[in-house]
Amino acid sequence: GNGGSAADAQHLATELVSRFYKEREALPAMALNVNTSSLTAIANDYQYDRVFSRQVEAFGEEGDVLLGISTSGKARSVIEAFKTGGRKGIRTILFTGELEEDAEIVKYTDLIFKVPSKDTPRIQEMHILAGHIVCEEIERSIVENEREKRMNGKHVFIVAEIGINHNGDMDIAKKLIDWAVLADCDAVKFQKRTVDRVYTKEYLDSYRESPWGTTQRAQKEGLE
């Protein structure tokens, strides 16, 4: 993409190379607008319309996916890249806004995500949202496939033992649950104790300052 769309392309490629939510192997993704030497050389030696298509010709392989971002759908550099991608057996996906009925780029696009607007900032905001959803789904699919391979098709029910690590703070408890979800746990387990059976009376009557009082009993019962 160009301008703000170039920034979005760089952003989304990084989410795949680094990580989005989950730990997994790095994914081979690149933004074609980051190598200034290539961009300026191609623009100077040929024309700006070819700054992306020349790189698709160099790096693209059959079975790859080429994501083009153009709020208007009229960017010649993206259209030419899609043409080259099609000739090489690369699937093309377009993030765009409201298109004209006879938009040329449609002929070279396999899948279109079209924001029903002509307001560039609103279109760009929806593009990064859609891009994040795509990254999340790619990552989820990869993690699930890796898990299935490890378990040979068998599902293991994973429980996150939170116990009393929340220390009575509901915000911490909620964050621990969120982390358990991100780690693909199926359930979480909190600890419930009858304090009189676990601790002696002397211990429970001893001093401890907490949000619930000034004794060990008050603190323990407050946690429960």
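In what order do the 3 strands of the open sheet lie, and is their pairing parallel or antiparallel?

## The open sheet

In this predicted model, the 3 strands of the open sheet follow the order 1-2-3, and their pairing is parallel. The edges of this sheet are formed by strand 1, covering residues 65–69, and strand 3, covering residues 111–114, each of which pairs on one side only. Averaged over the sheet and with direction ignored, neighbouring strands are turned by 15 degrees against each other.

Strand 2, made up of residues 91–96, pairs with strand 3 in the parallel sense, and 4 bridges join the two. Opposite Lys114 of strand 3 stands Thr96. Helix 4, which comprises residues 76–87, lies across strand 1 and strand 2, and its direction makes an angle of about 165 degrees with strand 1.

## The largest pocket

The largest pocket holds about 1,000 Å³ of space. Its lining consists of 38 residues, and those that lie nearest the centre are Ala29, Met30, Val65, Leu66 and Leu67. At least two lining residues come from each of helix 1 (4–17), helix 3 (53–59), strand 1, helix 4, strand 2, strand 3 and helix 5 (120–151), so that the three strands of the open sheet, in the order 1-2-3, are among the elements that contribute to this lining.

By class, the lining of the largest pocket contains 30 nonpolar residues, together with 7 polar and 1 charged.

## The second largest pocket

For the second largest pocket, the space amounts to about 240 Å³. It is lined by 15 residues, of which Ser72, Lys74, Glu98, Leu99 and Glu100 are the closest to its centre. The classes are evenly represented in the lining of the second largest pocket, with 5 nonpolar, 5 polar and 5 charged residues.

## Lys189 and its surroundings

Lys189 is placed in strand 5, which spans residues 187–190. How is Lys189 classed by its relative accessible area: buried, partly exposed or exposed? Lys189 counts as partly exposed because its relative accessible area is 40%, a value that falls between the limits of 20% for buried and 50% for exposed.

When residues up to four places away in sequence are left aside, Lys189 touches Val159, Ala160, Glu161, Ile162 and Gly163. Met30, one of the residues nearest the centre of the largest pocket, lies 159 residues from Lys189 along the chain, and the C-alpha atoms of these two residues are separated by 41 Å.

Definitions and conventions. Residues are numbered from 1 along each chain as its sequence is written. This is a predicted model: local features need pLDDT of at least 70, side-chain atom pairs count only at pLDDT 80 or more; totals for chains, interfaces and linings use all residues. Side-chain values use heavy atoms; hydrogens and water are left out. Two strands pair if DSSP finds at least two bridges between them. Axes are lines fitted to C-alpha atoms, for helices over the stretch in contact, and angles run from 0 to 180 degrees between N-to-C directions. Contact means heavy atoms within 4.5 Å. On a 1 Å grid over the protein atoms alone, a cavity is a set of points where a 1.4 Å probe fits but cannot get out, and a pocket is an open set with protein on both sides within 12 Å along at least five of seven lines; lining residues have an atom within 4 Å of a point. Grid points are joined across faces, edges and corners, and a volume is the space filled by probe spheres set on the points. Ala, Val, Leu, Ile, Met, Phe, Trp, Tyr, Cys and Pro count as nonpolar, Asp, Glu, Lys and Arg as charged, and the others, Gly among them, as polar. Buried means under 20% relative accessible area, exposed over 50%, partly exposed in between (1.4 Å probe, protein chains only).
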